[in-house]
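Reader: Please take one chain and look closely at where its parts meet. Short sentences, please, and explain each term.

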Amino acid sequence: MPYNSILNWIVFTDPMQNGYYPYSVYNLPYDIGLKLWELLGGLIAWLINLLVPGNCVSTWLVCDQVANVFAIILMVVVIFAVGFIINLTMIWEERKVLGRMMDRRATKIGPLGYFQCLADGLKTFMKENIAPKKADKKIYWWALALVIGVSVLVACMVPLSGRWFIADYGTGLLIIFGLFALAPFLILCAGWAQNNKYSLIGGLRAAELMISYEIPMLLLLTGVILMTGSFNINDIVNAQYENTWYIIPQFLGFIVFLICAIAESERVPFDLSEAEAELVEGWQTEYAGMKWGLIMLGDYFRGYVACALVVIMYLGGWMLPYFGSTPVPELVFIAKVFLVFFIFVWARAALPRVRTDQILNIGWKILMPLAVVNLAIVIALRMGGVF
Amino acid sequence: MTYKYLDKYPKKFRGTGVLKPLWMTLKRMFKSTAHRPVTIMYPYEKEWVPDNYRGRPGLRFDRCLGCGICVRVCPTTCIKLVEVADDSGNMVKRPQVNIGRCMMCGYCAEYCPVDAMTTTTDYELAEFTREALIYDPRRLNFEGTNEMMEVHIEEHLLSNLAKGIEDKPTAFFDTDRPTLDASKCISCQKCAKVCPTHAITMVVVGQNDKGKDIKNPKIDNNLCVSCENCVIECPKSALKIKEVL
Amino acid sequence: MADNDIIEAPSYEDTISLLKAKFGDKLVFRTSTKKNNRAINQKRRIFLSTDRETIYPLCEYLHGKLNYEQATSVCGVDWVDHLQVVYHITNYFTAVMVEIEVDVPNDDPHIASVTPIWGGANWHERETYELFGIIFDGHPKLERLLTPQSYEFYPFRKSYKLRGQE
Amino acid sequence: MTEKMNADKMWVTMGPQHPFSHGLWTLRVKVDGEIVVDAEPEVGYLHRGWEKECEQRTYAKIIPMADRLCYSASMTWSHLYCKAAEEALDIEVPERAQYMRVIADEICRIQSHLMWLAAVGTDLGNLTVFLWALREREFFLDLNVRLCGQRLTTNYPRIGGVRSDMPYYFERDCMRAVEHFEKTLWEIIGLTDESSIFVSRMKGIGYITRKDVANLGITGPAMRGCGVDYDVRRDDPYDAYDQLTFEVPVLKEGDTYSRYMVRIEELFQSCELIRQAMKKLESIPKTAPYRVKVPRCVPAGTTCAKIEDPRGESIMYLVSDGSERPYRLKVRSPVFVNVSASKNMVVGNRIADIPAIMAMIDMCLGETDR
């Protein structure tokens with residue numbers, strides 16, 4: 001190009017016009033990623049052009065193909081960053097709400113105590129990285145990495161709105177469920193690998209929990225799928241906007257799903273695998289320092305996914321009734337997630353931990369039949385033509 | 001008298017057994033949001049303590065006699081008498097307290113006959129070294145000492161109670177006095193030297209075979225604080241504390 | 001009254017007379033001179049001393065016949081010239097507590113264990129063993145409890161001096 | 001570990017640094033999956049030779065040491081020691097001091113039980129109960145500060161009476177605290193007894209029969225929850241307890257929940273006792289003696305004093321030889337005996353039940369190891 005002003009290299013084009021645009025609908029994180037790359041890559045291209053005028057690298061940096069590749073990379077970063085911030089805010093919310101319910105002051109660092117999580121992260125980061133001598137090293141590290149990785153992955157898979165997603169696929173909800181159920185297996189591996197009796201028992205309990213709570217959850221998922229006729233999250237949310245939120249016909253399912261979601265994300269009162277009163281820290285006993293910090297982060301990511309599932313399946317996703325799609329549907333979704341998470345925290349403040357045999361009893365004898373009843377209601381409504 | 005709690009519990013639950021705690025916590029959340037939570041933000045605000053709080057011991061330097069009762073009653077032996085210069089430059093004996101050993105029992109304040117030792121409301125005693133925990137007599141002074149920080153012994157004599165006298169509280173330093181077994185006394189004058197209140201004067205009671213004066217201690221009961229220094233110092237155990245009960 | 005009947009709540013006088021009838025002069029009853037003690041005045045304490053041979057049958061009788069259900073404590077005292085084991089045994093119904101003193105010679109510190117009668121005496125006897133070196137014959141697990149297993153001395157005997165003690 | 005490890009059973013060592021052991025002690029449990037098949041308690045990490053230390057000290061100096069036997073029941077321990085010394089001296093405490101001791105004892109009992117309630121909350125995994133109970137406990141610690149000058153190590157009783165007179169407005173403050181507490185305790189009960197999860201965690205575990213309880217020497221609320229109707233305060237009264245009317249809660253079930261209920265009822269009864277004692281104290285003139293002068297040497301002889309500690313029946317056996325130091329001072333700690341019976345309670349239950357069962361013993365290692 002003859003004229004090499006910076007404006008030549010930085011042009012915010014419509015992402016849909018990009019020849020290699022991977023989606024069929026508008027994607028906001030991709031757009032942000034593309035714009036970021038155009039800013040960043042354009043700047044680099046201009047600088048190179050200043051040094052070596054008329055080179056081909058500059059043009060290559062801002063062409064459609066390269067921009068697309070970097071846009072996807074930056075999009076992943078953006079999605080993770082937003083998920084991370086949501087996560088930190090959830091931790092902050094939990095601390096604040098718990099503090100009020102327990103009649104004590106909660107966090108105090110930073111504005112309204114928001115920076116406490118960062119301080120904790122810094123503190124765990126500074127700690128020495130200790131691994132037990134007799135642990136099974138390979139599984140010890142890999143299981144840890146996979147537990148955290150799977151949790152982060154599944155959190156990133158959750159769409160915040162019709163335009164904020166990482167992949168547009170037909171079986172969206174099923175994949176989230178599948179990844180969500182993967183973690184307990186890895187926890188079992190991690191618990192075994194540490195060569196510690198507490199963590200072994202904790203890992204076994206995690207597996208126990210998964211077996212008894214995955215099935216009611218999937219039965220409830222069936223109810224939602226039957227009502228919508230699609231696995232696609234977008235379809236589910238739109239169907240709820242067109243008809244009514246599924247919490248109204250499936251209130252029973254909502255309650256059962258909420259309990260299952262708490263159990264799946266291993267939070268009090270169902271945090272058997274890390275019951276600190278009897279098992280020290282359960283399966284995390286031998287994971288010290290930043291490993292433990294990352295595990296906690298992964299736990300909260302899973303809690304976020306559980307809340308998001310409740311919101312998508314029963315609370316209308318990012319839509320508000322009568323308002324339709326608001327200008328910022330992502331914020332609506334996040335607000336709903338925080339509301340559901342408030343219930344999680346509330347249960348934690350009010351209830352003690354449930355015992356292993358009781359948890360199996362609740363899972364198989366109460367939640368499972370209720371889930372079947374919920375499914376029957378859904379079928380009846382479908383056959384009656386209400387939905 | 002009946003049971004207040006056992007009459008109502010145990011209860012039979014009918015499936016709604018978690019609603020009450022959920023409601024209670026929600027109520028408490030609104031309450032503590034509207035009012036202030038009970039937490040005291042410690043370094044910025046401190047809990048109120050009454051004046052009779054038993055913090056570290058305090059010393060009113062001018063009142064102290066240096067009698068050493070506090071040294072002897074201290075259960076952890078953290079008090080030591082050291083020589084320091086008083087305001088006019090004379091060397092006097094005053095207690096020095098090792099706060100690192102102190103268990104804040106308040107015995108030194110309680111047994112002090114002149115209330116020179118007091119309890120104080122000072123409880124922030126952390127230091128960087130062990131040496132800094134040793135409080136010398138001047139440092140033991142506490143600014144806001146008032147009469148509520150004094151601990152008095154108000155004992156009643158059993159003999160008085162038997163007689164029906166119930167309004168004469170006393171303490172050991174008012175009643176217990178050393179008594180002399182004159183046959184054991186060797187006129188060494190040690191008791192007179194160690195007496196912190198100069199209550200002991202040596203008086204001549206006679207002459208021995210060689211014509212020297214026999215001096216026996218004479219104890220001024222008004223000045224004596226029953227500190228037992230003379231009893232401990234006496235080489236022939238001629239002096240004994242006579243307890244009045 | 002048959003011999004194997006349990007008297008649920010034997011009174012102070014009953015206990016003394018039954019014990020006297022059963023054991024005769026093997027027991028030495030002591031009376032306390034304390035005037036102001038309410039428990040003694042209201043007859044809730046029995047003081048007696050006996051010898052090593054009698055203690056097991058005495059305890060068996062107290063537990064099996066007189067329903068003294070709880071061995072409140074077993075403790076040792078070192079009287080330099082001999083050792084002594086003191087038992088406190090309580091009846092829940094009358095709140096009468098029997099205090100039994102048994103002398104044990106220094107050179108042969110053996111005495112019958114009462115753990116088979118009262119399970120609660122188990123740790124008390126272990127403690128007395130480790131602190132005074134009194135060996136309780138018939139104890140199920142006579143090991144050191146509070147002090148390290150490697151100790152070879154008995155710290156609560158008067159012969160063991162603390163720092164600062166002459 | 002002498003026992004050979006089986007394929008399906010393993011020994012799990014819980015303690016000495018374990019969240020459930022409130023103090024330094026070890027419970028080694030043999031588990032078959034989740035179910036405990038064998039257990040073995042181990043104590044002694046905190047053995048200070050307390051009894052031997054006392055033989056070196058004069059009688060008055062032991063009182064603050066007796067406070068250190070148990071951090072939350074310090075008042076009853078120093079009271080017990082003073083009682084033992086008074087019995088050895090054969091003196092009677094003035095009536096006013098008796099009531100003041102009763103009040104101080106019951107304040108101590110309430111705050112000790114609240115500490116226990118807080119521990120139950122954490123052991124069962126609910127931190128709210130912990131914080132609410134500690135919030136209520138703070139009122140009684142404040143009363144302790146007003147009365148004795150310290151929150152925990154009270155050093156209040158003296159041989160022959162109590163340390164100091166009641167401070168101004170103490171009656172008013174005390175009655176306010178008690179009345180407020182009786183209201184707010186229902187709030188905590190709303191979290192525990194009204195919660196079916198909480199109750200189901202405690203019900204039906206840790207069974208122990210009346211016969212075993214008596215034989216193993218378990219005392220205190222753990223004993224009364226199993227059907228033994230015995231309380232030293234009522235059956236072998238000391239101080240002014242025989243002037244006051246109160247109920248001793250006794251339950252027959254013998255499981256963890258009944259032990260829990262006994263303690264909660266005791267909290268209410270302690271409030272009632274404080275109220276009655278305050279009322280009685282009003283009728284005694286303010287100038288009445290509360291402390292008598294005692295000789296510093298105790299005549300030779302043996303004494304055995306008994307008291308109802310918040311955790312059970314505690315005894316001090318005092319051997320004096322006429323000097324100003326005790327010849328031997330034996331402490332019978334209730335927790336020492338209760339924890340020796342933990343095997344009988346734990347076996348047959350699950351690992352998750354161990355904290356709940358052990359919480360009912362209300363561990364305090366200071367008095368256990370001495």
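Author: What follows is a look at chain A, then a short look at a sheet elsewhere.

This is a predicted model: local features need pLDDT of at least 70, side-chain atom pairs count only at pLDDT 80 or more, and totals for chains, interfaces and linings use all residues. Residues are numbered from 1 along each chain as its sequence is written, while chains are lettered from A and ligands numbered from 1 in the order in which they are written.

Start inside chain A. Its domain assignment gives domain 1 (6-83) and domain 2 (127-383). Such bounds come from an automatic or database domain assignment. The C-alpha centres of the two domains of chain A lie 35 Å apart. Where they touch, domain 1 of chain A gives 10 residues and domain 2 of chain A gives seven. Contact here means that the C-beta atoms of two residues, placed from the backbone, lie within 7 Å.

Now take the domain 1 side of that contact. Helix H2 (28-51) and H4 of chain A each supply at least two of its residues. H4(A) gives the most, with three residues. Helices (H or I, at least four residues) and strands (E, at least two) are DSSP runs, numbered from the N terminus. By class, this side of domain 1 of chain A has seven nonpolar, three polar and no charged residues. Nonpolar covers Ala, Val, Leu, Ile, Met, Phe, Trp, Tyr, Cys and Pro; charged covers Asp, Glu, Lys and Arg; the others, Gly among them, are polar.

Next, turn to the neighbouring chain. The contact between chains A and B takes 10 residues from chain A and 13 residues from chain B. On the chain A side, the elements that give two or more residues are helix H4 (64-101) and helix H14 (329-350). H4 of chain A thus appears again: it also supplies residues where domain 1 touches domain 2. The side of chain A that touches chain B holds six nonpolar, no polar and four charged residues.

Finally, the sheet. In chain C, five strands form an open sheet in the order S1-S2-S5-S4-S3, with mixed pairing. Two strands pair if DSSP finds at least two bridges between them. Strand S1 (28-30) and strand S3 (70-78) of chain C are the edges, each pairing on one side only. S1(C) runs antiparallel to strand S2 (residues 45-50) of chain C, and three bridges join them. Phe29(C) stands opposite Leu48(C) in S2(C).
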